[in-house]
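Thank you all for making the time this morning. I would like to walk through one model with you, beginning with the space inside and then moving outward through the sheet and a few single residues.

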Amino acid sequence: MKLNKDYWQNRYENQETGWDVGRITTPLKDYCDQIQDKSLKILIPGGGNSYEFEYLLSHGFTNVFVLDYAPTPLANIKKRVPNCKDEQLLLGDFFEHQGEYDLILEQTFFCALDPSLRTSYAEKMPTLLRPKGKLVGLLFQFPLTEEGPPFGGSKDEYLQLFSEKFKIKVLETSHNSIQARKGRELFFIFEKKD
């Protein structure tokens, strides 16, 4: 099974989107609610239907972008959030994306990638962040197997993967996960090293 553009486009076209809870999840909502600077440049990679994007725009954030390489979820966002600008919806491959952001939000993108791409993800992320920029979100904590997506992982694996390029500010079991993911998610805040 190749987790490529066609795979994800087919999942959206056939509405095989079991990960999509139809709203921003509580851990990300609570994190976003405490951000004071609404002008931060924010990227949501592999964003899918991106209720995070919709939530941020509705709460006064103006510089938010969703990146996905399946066109259907971006079209879904445009229908749901007609006041967003076309340039905020980016169709493309994360690993080829160029840009510089203050904050990148991670919500079910990492776990959807083939695990062989995890090192590439950890190397790409800091190239998209400004100095002291943050990568924030959720990572699954359940055993990594060949079954997926979603693919699991462990705190030890994530520490090993991200510690070289990031200061690990927070990496702990999420206390406010949605019911279906309780005890299975780690909330994290990683800050780009100088």
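**A cavity, a sheet and some loops**

Strand S5, residues 129-140, supplies the largest share of the lining of the largest cavity, namely three residues. Before I go further, please keep in mind that what you see is a predicted model.

Let me stay with that cavity for a moment. The count of cavities of 30 Å³ or more comes to one, and the volume of the largest cavity is about 50 Å³. Its lining is made up of Glu106, Gln107, Thr108, Phe110, Cys111, Leu138, Leu139, Phe140 and Glu185; sorted by class, that lining has five nonpolar, two polar and two charged residues.

One of these lining residues, Thr108, deserves a second look. Thr108 sits in the loop between S4 and helix H5, which spans 118-124, and its phi is near 60 degrees, a positive value in a residue other than glycine. As a general reminder, most residues other than glycine have a negative phi. Is Thr108 buried or exposed? With a relative accessibility of 17%, Thr108 counts as buried, because the cut-off for that class is under 20%.

There is another residue with a positive phi to set beside it. Lys132, which is not a glycine, has a phi of about 70 degrees, and Lys132 belongs to strand S5. At 44% relative accessibility, Lys132 counts as partly exposed.

Now to the sheet. Seven strands form an open sheet, and reading across it the order is S3-S2-S1-S4-S5-S7-S6, with mixed pairing. Which strands stand at the edges? They are strand S3, residues 89-91, and strand S6, residues 166-173, and because each of them has a single partner strand, one side of each is left without a neighbour in the sheet. On average, and ignoring direction, neighbouring strands of this sheet are turned by 15 degrees against each other.

Looking at individual pairings, strand S1, residues 42-45, and strand S4, residues 101-106, run parallel and are joined by two bridges, with Ile42 standing opposite Leu103 in S4. S1 also pairs with S2 in the parallel sense, over four bridges, and here Pro45 stands opposite Leu67 in S2.

Strand S2, residues 64-68, is largely enclosed by the rest of the structure, because five of its five residues are buried. In a regular strand the side chains alternate between the two faces of the sheet. In S2, Val64, Val66 and Asp68 point one way while Phe65 and Leu67 point the other way, and all are buried.

Strand S3 holds Leu90, and this residue brings several of the parts already named together. Leaving aside residues up to four places away in sequence, Leu90 touches Leu43, Phe65, Val66, Leu67, Asp68, Leu74, His97 and Tyr101. The C-alpha atoms of Leu90 and Pro45 are separated by 9.2 Å, although the two residues are 45 apart along the chain.

Turning to the helices, helix H2, residues 26-33, lies across S4, S5 and strand S7, residues 185-192, and runs at about 150 degrees to S5. Helix H6, residues 155-162, packs on the sheet as well, where it touches S5, S6 and S7, and its direction makes about 170 degrees with that of S6.

I will finish with two loop positions. The loop between S5 and H6 contains Phe142, which counts as buried at 17% relative accessibility. Which residues does Phe142 touch, once those up to four places away in sequence are not counted? The contacts of Phe142 are Pro150, Phe151, Gly152, Gly153 and Arg184. By contrast with these contacts, the C-alpha atoms of Phe142 and Phe94, 48 residues apart along the chain, are separated by 25 Å.

The other position is Gly99, found in the loop between S3 and S4. Gly99 is partly exposed, with a relative accessible area of 27%, and, not counting residues up to four places away in sequence, it touches Thr127 and Leu128. The C-alpha atoms of Gly99 and Leu129 are separated by 7.9 Å, with these positions 30 residues apart along the chain numbering.

Technical notes:
Residues are numbered from 1 along each chain as its sequence is written. This is a predicted model: local features need pLDDT of at least 70, side-chain atom pairs count only at pLDDT 80 or more; totals for chains, interfaces and linings use all residues. Side-chain values use heavy atoms; hydrogens and water are left out. On a 1 Å grid over the protein atoms alone, a cavity is a set of points where a 1.4 Å probe fits but cannot get out, and a pocket is an open set with protein on both sides within 12 Å along at least five of seven lines; lining residues have an atom within 4 Å of a point. Grid points are joined across faces, edges and corners, and a volume is the space filled by probe spheres set on the points. Ala, Val, Leu, Ile, Met, Phe, Trp, Tyr, Cys and Pro count as nonpolar, Asp, Glu, Lys and Arg as charged, and the others, Gly among them, as polar. Two strands pair if DSSP finds at least two bridges between them. Axes are lines fitted to C-alpha atoms, for helices over the stretch in contact, and angles run from 0 to 180 degrees between N-to-C directions. Contact means heavy atoms within 4.5 Å. Buried means under 20% relative accessible area, exposed over 50%, partly exposed in between (1.4 Å probe, protein chains only).
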